[in-house]
Every structure is written in C-alpha cells, then in structure tokens.
Amino acid sequence: MDAPTTTSSAGSDGSGGNSGDWGWFTPSRRPAEEQGAPDRQSDERAPSRPVNPIRPVGTGADRRTPVEPPPVPGPGPSGPRAGERRVDDRRAPGPAAPGPTPPRHEEHQRPDEAPAPQDVRPGPDSPFAIPETASPDAVLLRRTMAEVEPISDKVTSYFYALLFVQHPELRPLFPAAMDAQRDRLFKAILTAARLIDDPDILTEFLTRLGRGHRKYGTQPEHYPAVGECLIGALTRYAVTTWTDEAEAAWVRAYTAISQIMIDAAAEDELRAPAWWQAEVVGHEPRTHDIAVITVRPDQPYPFRAGQYASVETPWWPRVWRHYSFASAPRSDGLLSFHVKAIPAGWVSSALVHRARPGDVIRLGPPAGSMTVDHSSDNGLLCLGGGTGIAPIKALVEDVADYGRHRPVEVFYGARNDHDLYDIDTMLRLAQKHPWLAVRPVVSDGPTNGLSGRLPDAVRQYGPWNAFDAYLSGPPGMIRSGVDALVGIGIPSHRIRHDSIEELAAAAE
C-alpha cells in the first residue's frame, strides 16, 4: 500500500499522521526551560546537540522589503541535475541598494504602504480558530498562519528560494522536483500552529520525524538556516499580523521544534542506521499497473504488521514514497510491498515498470501505528480498498502468528472483479483460518461478491461493537469508511486508518 498509516486517535491529519515525512518543519513543544530539563539517567542516551540561535539578517523593516528571489526549479527537461544550483545570483536576497526604489505594483504591500496592523482573529470555522486556553505564543502563531494560508504557495516558494540562494550547500539534500516537498512543508507548519500547546503529542511526532530525517542527511547545523528563511518568508508575507512579538514566538517555537528533532536523531544513531539497502529479489506483476515487490534488506529490519517504510529508488535520488508492508515479519527476513503505478508517479512507476531482481533500493525506518493490540479480546474489522489490502493481509498474518485467535472480518473493495488482484491469497487465508471471513465488494460491474460501496457493505453486517476497525485505501474510501463506522457506533479511538493527508501527498 503506497501510503503511511496512523491512528485516528493520534490526530491522523497530520500525521498523527504522521506520519510520515513532511520535510523540514513539524509541530513543536514548549522550550525546555518551561518544561524542565529531561531526566537523562542512562549513559546510553545520546547527549543533547545544541541548536544555534536563529539569526535573521538585518532589521524587520529590511526583511520586509520585497525582494523576489528566483523560483524554485521544478521537474522537466530544463530542470537542474541532482545537486546543481540553478539560481540567478544577481537577484539574490540582500540589502537594498541605495537610492529610491522605482514604484511598482506589489501584490503584498510593504509596511510603509500597508494599513496599520490589525488584531486578526480567525473565525470559528478556521483551522486556526483560537481556543480559550491557548497560550500567548499559540495565539500569535495561529494569527500569522491564518493570514498566510490563502497565499501558501507564494510563502513556501519564497521560503525555498531564500534557502537555496542563501544556503546553496543545502540544495543537494532535496529532490530535483520540489512540488511535493512544498506541500508537505506547509502542512507541517499548519500543524505546528494548531498543536503548539499539545507538547506530549507533538514531542512523540517530532521524535519520529527527527529519526526519519536522518535518511535525508539532515545535520544539526542545517536547522538554524532553515529557521532563518522561515522567519524571512513569514516577515515578507504576513504584513498584517507580523510584529516583534510574533517573530519572537516563531523563533521560540522553531527552536524547540529543532531541538527535539536533533535529540531524537542523535539517540537513534545509537540503535539503527539512517537507512537500509535492500535488494529486489522478487517482482511479480499482478495487473498492468500493480506489482508485488519483494526485497532482502542488507541487515535485520525490525517492523510490525500494519506499519510502513519510506522507499527511495536508484532512479530518483532523494525522492521517497511510503509503502505499507504486505506481510507480517518473516523468518527469512524478506519484505514485500504492493505498489500501484500512479500516472506521472516517479517512485511508483519505477518500482512497477522498471525495477527488476538485482536492483537495490533504500528503505527508511519503519513507522506507523496501525498495528494489532494483542492484549485485547476485540475482533478486527478490516476495510481494504485497492492496494490497501496489503497491510490488511499483514494484520491477518499477525493474528495467525500470535496464536491467540480472534474473529477477523475483512471487506476487500475494488471497482471491478479484475481489480481484486489479491483475492485468491485472501480466500486461501480464510480457508486456512476458521476465525477469518473475507468478503469482496465491487462498486462497478457484475461480480460474484457483494455489490456497492465498501462502507455500505459493512453496514449490512455486524453488529461491530466488539470490534476494532482498520481501514486502508484511497482517501475517499477512508473518509466515507470512517463516517460509516462512527455512524454504526464504533468509537473513533477504536478506528485506525491511513493518514488521509499523507495519502494524497504520497500518491506518486
């Protein structure tokens, strides 16, 4: 399954959602001096790595002067090769030249042209609505983000242009095509603005991201440069809400964010590599656009059924996509993924149409929490759509391997019978295990199974009040499936599913 997984109770947006790899920015917690220093009693814990203070260059007024850096290059024949810098140094941001500036139309006015700052308060329907219990910093962050959200493309493009012009040595850490990277970045900033006052969830999330960013080659000294360019972009575009107090709040938040991620990476270095090399040992086409890929890691790869890994191919360096494991851990150490080639998908198309046995790919660390709670007696209600059947199959194998058999009900959805590419495998599992039931559901065309939409089929059976629910598949199926399950009485904290936002972002 080509998407990360998470639990709805963890805030699957956003990844509790987490999932996954959102680029440089992620939610933050309060600075260490407000929480108390962590108790580091174990000699095996890595020492905290210092973060240099963010040092924006010049005064706030200087940084507000509109200077348009060159656009971030995108994919295509004219784009740069990996690691090349394609910028026009003549237009690099820097101090304004002396003398009057010729008048010109500006989409975003400079402070001397703009109206006086207002007390911007997001409305109740805004994702940045301010709770009554919000901290002063959270209020400032949310107001800034509410202002820049409508122009998020401009803000993030400006941020990356600043970063690559002022710090060209960081460009090789990023993929040649930046479209998906920009999307993940801004979603992460939105999450930081919303969740800044929830340190427990954010610390857990940031720890995962700090570990995951090791595979990009991220080093502690990179964080201050990123923070300075973030401040520069917000200063440029948040002309109404940006004040000295807002800037100070963003600096505090980003400093805390980066410190948590740096510490997590340092600790992870003691236990695991930044990535695993994995040789392709099996490539089985199932349809014209779906293949089952089996790989052998170069060293033991610890994971749990229901989790996922980020994958990089040799044909597109630094482009990572998420794929769920299609089996429970095996004694031979092999790993399997079900991959569907997406039109214009860089990684998925390469894996389905180009990869062959003998090729070597890279795997990031395992992640995701759509796993079985073996201490519970609840049954498992599993909805798998398309290649989303892959982690569902892994969960079934996990229940079988554990030996404490519980009822497992699988609804396997597809558009037509032909798209039920793994139905024979699932039916063989059902014949082998009497506690397992598998029901194919087809939305279009004739079928020997159930007809209609997957959530509607689930409503015909039950009751499900003694079951934990697992959903894996396209974003639309996840949304409708969650609504249906909540509607029939399953509490949301017992519904685990793929992160919808990451599903959309990782669709290549």
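Helices (H or I, at least four residues) and strands (E, at least two) are taken here as DSSP runs, numbered from the N terminus. The model is a predicted one, so local features need pLDDT of at least 70 and side-chain atom pairs count only at pLDDT 80 or more, while totals for chains, interfaces and linings use all residues. Residues are numbered from 1 along each chain as its sequence is written, and side-chain values use heavy atoms, with hydrogens and water left out.

T371 makes a handy starting point. This threonine sits in the loop between β7 (360-363) and β8 (379-385). With a relative accessibility of 7%, T371 counts as buried (under 20% relative accessible area; exposed is over 50% and partly exposed in between, with a 1.4 Å probe and protein chains only). Leaving aside residues up to four places away in sequence, T371 touches R304, A305, Q307, L395, Y470 and R496, where contact means heavy atoms within 4.5 Å. One of these partners, A305, is 66 residues away in sequence, yet the two C-alpha atoms are 6.1 Å apart.

Another partner of T371, L395, is among the buried residues of α10. Helix α10 (residues 389-402) has 14 residues, which at 1.5 Å a residue should span 20 Å, and its end C-alpha atoms are indeed 20 Å apart; the expected span is 1.5 Å times one less than the number of residues. Of those 14 residues 11 are buried, so α10 is largely enclosed by the rest of the structure. Just past the helix, G403 takes a positive phi of about 90 degrees.

On to the nonpolar cores, meaning sets of buried Ala, Val, Leu, Ile, Met, Phe, Trp, Tyr and Cys residues joined through side-chain atoms within 4.5 Å. The largest has 42 residues, and F159, L163 and W250 have the most contacts inside it. At least two residues of this core come from each of α3 (136-148), α4 (152-166), α6 (199-212), α7 (222-237) and α8 (244-268). Apart from it lies another core, of 27 residues, including M370, I389, A394 and Y470.

Two of the helices that supply the largest core, α3 and α8, pack at an angle of about 105 degrees with their axes 9 Å apart. Axes are lines fitted to C-alpha atoms, for helices over the stretch in contact, and angles run from 0 to 180 degrees between N-to-C directions. The pair is therefore roughly perpendicular (65 to 115 degrees). D137, L140, L141, T144 and M145 of α3 meet E245, A246, A249, W250, R252 and A253 of α8.

How values were computed
Parallel < 35°, antiparallel > 145°, perpendicular 65-115°, else oblique.
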